[in-house]
Amino acid sequence: MEDSSRKEHPAVSLTDDLLLEILSRVPYKSLCRLKCVSKSWLALCSDPIVRKKAPQTLSGFFYQSYTKPTFNPSDLRHHFTNLSGRGKPMVDPSLNFLFSANYVEVEFVHCCNDLLLCSCEKESSDGEFDRVVCNPATEKWTVLPKTEARLGRSTMYLGFDPTVSSHFTVFLLSEFTRGMQDNEVAEEDEIDNWYHQIRAVEIYSSQTGRWTYHRSQWGEKSIQIFSSSVFYNGALHVTTLDSSVNTVDTEGKVWRTIPTPYYPIFIGMSQGFLYAVHGPRYSSQLSIWVLKDYGGKEWSLKQTIDSVELFGTHNIFFVDGSPPKVIAIHPECSSVFMILVLRGNLVSYNIDNRKMHDICNLADQSVDPYLPYIPCFAEWFSDGH
């Protein structure tokens with residue numbers, strides 16, 4: 001009888017190239033666990049080729065606060081909380097590689113998958129800011145060229161899908177159009193300081209390295225500052241105050257308005273579908289809708305949540321009639337992430353089993369935006385720092 005103790009483990013007979021190919025298909029968190037098996041597994045799982053190819057999923061959230069000390073020259077302290085709410089942050093939220101480049105103020109603006117859009121001020125810039133796109137996992141970054149959005153308010157959004165292209169897109173939605181005068185914008189400022197009509201969209205492509213200007217094709221649609229957005233099907237999607245979602249593709253050629261059942265306070269993508277969450281003012285109800293036919297306009301009600309029943313009245317902030325703040329939906333499962341504003345709790349709610357999980361308490365004086373992050377260790381920039 002053959003001695004079972006002398007049997008060779010199947011993995012031993014595999015070549016290193018084949019093992020690397022297999023491990024590159026294992027999620028990154030699982031790779032971290034496999035490093036503990038032995039020294040040889042540690043070496044294999046630490047191989048840069050494996051790390052760059054390993055598939056990623058939602059790992060946590062970037063956010064910022066006015067908590068002191070900030071540990072940097074900025075007025076803002078930067079944070080990252082893991083999806084579990086426990087352990088050392090998966091990525092360093094301090095962004096010291098930007099402060100090392102003589103920036104004294106770094107502010108989070110937007111995030112799409114693994115790329116982070118920041119507003120950065122240099123010490124001798126007289127208040128002028130650079131717009132920087134960076135990958136916190138690899139500490140690679142690039143500065144965007146200046147745009148023509150000189151007048152009025154504007155909002156920037158980042159678009160990036162590493163499964164489709166290694167190039168990213170930045171969308172700048174502005175109330176300024178060419179030929180407008182300063183007083184035209186000033187008069188509108190007096191009407192409302194929180195909402196603005198989008199008249200133009202400037203689109204930056206990392207492939208061409210330049211901005212292109214486009215007059216808005218959305219008509220008389222207003223967009224709230226800090227509108228919820230998602231980059232989906234190669235297009236930016238943003239919510240409006242007119243119970244709709246506006247979309248524009250990366251070339252500014254395809255413009256679309258998708259009606260929604262109500263004014264959505266959040267939109268996101270999960271399991272290949274577009275989701276919208278509606279939360280009326282002075283109500284504890286949150287309704288979750290899904291657009292199963294992207295080419296159509298029919299939304300299906302997925303579920304209605306009574307936030308008071310779920311969280312308890314002591315957790316809900318009703319001073320301004322606001323329900324819990326929805327900040328993300330998991331791209332691969334039916335979990336919605338929310339912040340209980342009064343207590344600063346980050347929680348997840350599973351739509352399928354209707355269970356809530358308390359993730360963690362956020363830092364005191366935390367502020368928008370709260371940015372979901374999916375790490376990627378591949379090298380995306382060819383001309384960055």
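This briefing covers the overall make-up, one sheet and the aromatic contacts of the protein chain. The model is predicted, and its protein chain contains seven helices and 25 strands. Of the 385 residues in the protein chain, 50% are buried. Among contacts in the protein chain with a separation of 6 or more, 51% are between residues 24 or more positions apart. The exposed area of the protein chain is about 19,500 Å², of which carbon and sulfur atoms supply 49%.

**The sheet S3-S4-S5-S6**

- Four strands make up an open sheet, arranged in the order S3-S4-S5-S6 with antiparallel pairing, and its edges are strand S3 (103-112) and strand S6 (140-143), each of which pairs on one side only.
- On average, and with direction ignored, neighbouring strands of this sheet are turned by 30 degrees against each other.
- Eight bridges join S3 to strand S4 (residues 115-122), and the two strands pair in the antiparallel sense.
- Tyr 103 stands opposite Lys 122, which lies in S4, and the charged end of Lys 122 sits over the ring of Tyr 103, at 5.6 Å from the ring's centre.

**Aromatic pairs**

- Searching the whole structure gives 13 aromatic pairs, among them an edge-to-face pair of Phe 62 and Tyr 373, with 5.1 Å centre to centre and 80 degrees between the planes.
- Because Phe 62 belongs to strand S1 (residues 60-65) and Tyr 373 to strand S25 (residues 366-373), this pair ties together parts that are 311 residues apart in sequence.
- Phe 62 is buried, having a relative accessible area of 0%, and Tyr 373 also counts as buried, at 0% relative accessibility.
- Phe 171 and Phe 231 form a tilted aromatic pair, with 6.3 Å centre to centre and 45 degrees between the planes.
- That second pair links distant parts of the chain, since Phe 171 is in strand S8 (residues 169-174) and Phe 231 is in strand S13 (residues 229-232), 60 residues apart.
- Phe 171 counts as buried at 0% relative accessibility, while Phe 231, with a relative accessible area of 19%, is also buried because the cut-off for that class is under 20%.

**Aromatic cluster and a further charge over a ring**

- One aromatic cluster is formed by Phe 62, Phe 80, Phe 108 and Tyr 373, and it therefore includes both members of the edge-to-face pair described above.
- Arg 256 lies over the face of Tyr 294, at 4.9 Å from the ring centre.

How values were computed: Residues are numbered from 1 along each chain as its sequence is written. This is a predicted model: local features need pLDDT of at least 70, side-chain atom pairs count only at pLDDT 80 or more; totals for chains, interfaces and linings use all residues. Side-chain values use heavy atoms; hydrogens and water are left out. Two strands pair if DSSP finds at least two bridges between them. Axes are lines fitted to C-alpha atoms, for helices over the stretch in contact, and angles run from 0 to 180 degrees between N-to-C directions. Buried means under 20% relative accessible area, exposed over 50%, partly exposed in between (1.4 Å probe, protein chains only). Contact means heavy atoms within 4.5 Å. Accessible areas come from the Shrake-Rupley method with a 1.4 Å probe; for residues, only the protein chains shown count as cover. Rings of Phe, Tyr and Trp (its six-membered ring) pair if their centres lie within 6.5 Å; planes under 30 degrees apart count as stacked, over 60 as edge-to-face and the rest as tilted. A charge sits over a ring if NZ of Lys or CZ of Arg is within 6 Å of the ring centre and within 35 degrees of the ring normal.
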